[in-house]
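This report describes a predicted model of a single protein chain. It proceeds from the overall fold to helix packing and then to individual residues.

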Amino acid sequence: MTRRTEWPVSAPGHGVGPGRESAAGPTAESEGAYEPEAGHGHGTGSGAGFGEGAGRRARSRSRSSGSPSSSRAEKGEPRDPVEQARNICLRLLTGTPRTRKQLADALRKREIPDEVAEEVLSRFEDVGLIDDAAFADAWVESRHHGRGLARRALVRELRTKGVDSAVIDEAVGQLDSEQEEATARELVARKLRSTRGLDRDKRLRRLAGMLARKGYGEGMALRVVRQALEEEGEDTEGLDEPF
């Protein structure tokens, strides 16, 4: 009985106890959080309250609790919503950039209060961890050169990610009409061989449809496909009509 009355006195010396719980969550969050340091289980004085019996009882209470808060504790999640929001954002930003809206949506799904989310997201923007303009620039560069997407498709994708319209306009402004058409020609040239053997109209529909899915306008798609077919000796008479 004397050990149970002594442990609150010894707890601060080991960095645990009621004084630490409100800031970092209960110390039973991880297995063995109440384990004594070497020699404390058999010592006297301030270390006596950390005997093996007390450690087993604490772990038993932690495992037997079925509440959501104890479940979060077992996973090592902090109870402070600000700290939770930081951890969520840092995990999502590891390995890939995200827009502010993407992170805000993730925090909302985790039931982080709106005012806390706003505070954390603003702080991340201040230190450069969130930068929608840089995200949009990198997205345009990657998706145009990697996938051949035209400006129309890039605008659509960036909107779904919550990027502001003014930021989108600036990012897609990197691409001019000449560069866009040059990319369209490269796409058709790579696809052209696989359409050989088909009749002319089917080739037209297949090639123009590929460009349309990537965001190219009808006029540009028709012009690029017609020129590619002419270079192969196809008769393109009548292909000026919309497809």
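The chain contains 13 helices and 0 strands. Its pattern along the sequence is accordingly written α-α-α-α-α-α-α-α-α-α-α-α-α. Of the 243 residues in the chain, 37% are buried. Among contacts between residues at least 6 apart in sequence, 62% join residues at least 24 apart.

**Packing around helix α8**

Helix α8 spans residues 132-147, and helix α9 spans residues 151-160. The two helices pack at an angle of about 135°, and their axes lie 11 Å apart. Helix α8 is therefore oblique to α9, a class that covers angles outside the ranges for roughly parallel, roughly antiparallel and roughly perpendicular, the antiparallel range beginning over 145 degrees. The crossing of α8 and α9 is right-handed. On the α8 side, the contact comprises Phe135, Ala136, Trp139, Val140, Arg143 and His144. These residues meet Leu154, Glu157 and Leu158 of α9. Sorted by class, the contact of α8 with α9 has 6 nonpolar, 1 polar and 2 charged residues.

Helix α8 also packs against helix α11, which covers residues 177-192. Here the axes come within 10 Å and cross at roughly 35°. The contributing residues of α8 are His144, His145 and Arg147, and those of α11 are Gln179, Glu180, Thr183 and Leu187. By class, the contact of α8 with α11 has 1 nonpolar, 4 polar and 2 charged residues. His144 appears in the contact of α8 with α9 and also in the contact with α11.

**Selected residues**

The table lists the relative accessibility of four charged residues discussed below.

| Residue | Relative accessibility | Class |
|---|---|---|
| Arg100 | 16% | buried |
| Glu111 | 71% | exposed |
| Arg152 | 53% | exposed |
| Glu180 | 7% | buried |

Arg100 belongs to helix α6, residues 100-109. Because the limit for a buried residue is under 20% relative accessible area, Arg100 at 16% counts as buried. The side chains of Arg100 and Ser122 are joined by a polar contact of 3.4 Å. Beyond its neighbours within four places in sequence, Arg100 is in contact with Glu118, Leu121, Ser122, Glu125, Ile130 and Asp132.

Glu111 lies in the loop between α6 and α7, the latter being residues 114-126. With 71% relative accessibility, Glu111 counts as exposed. What is the phi of Glu111? It is positive, at about 60°, although Glu111 is not a glycine. Most residues other than glycine have a negative phi.

Glu180 is located in helix α11 and, at 7% relative accessibility, counts as buried. Which residues is Glu180 in contact with, leaving aside its neighbours within four places in sequence? They are His144, Ala150, Arg151, Tyr216 and Met220. Of these, His144 is also part of the contact that α8 makes with α11.

Arg152 is placed in helix α9 and counts as exposed, at 53% relative accessibility. Leaving aside neighbours within four places in sequence, Arg152 is in contact with Gly215, Tyr216 and Gly217. Tyr216 is thus in contact with both Arg152 and Glu180. Arg152 and Val172 are 20 residues apart along the chain, and their C-alpha atoms are separated by 8.9 Å.

Key: Residues numbered from 1 in each chain as written. Predicted model: local features only at pLDDT ≥ 70, side-chain atom pairs only at ≥ 80, totals over all residues. Heavy atoms only, no water. Axes fitted to C-alpha atoms, helices over the stretch in contact; angles between N-to-C directions. Helix = DSSP H or I, 4+ residues; strand = E, 2+ residues; numbered from the N terminus. Parallel < 35°, antiparallel > 145°, perpendicular 65-115°, else oblique. Left-handed = near helix turned anticlockwise from the far one by under 90°. Contact = heavy atoms within 4.5 Å. Nonpolar A, V, L, I, M, F, W, Y, C, P; charged D, E, K, R; others polar. Buried < 20%, exposed > 50% of the residue type's maximum accessible area, 1.4 Å probe, protein only. Polar contact = N/O pair within 3.5 Å; in protein donor to acceptor, adjacent residues only side chain to side chain.
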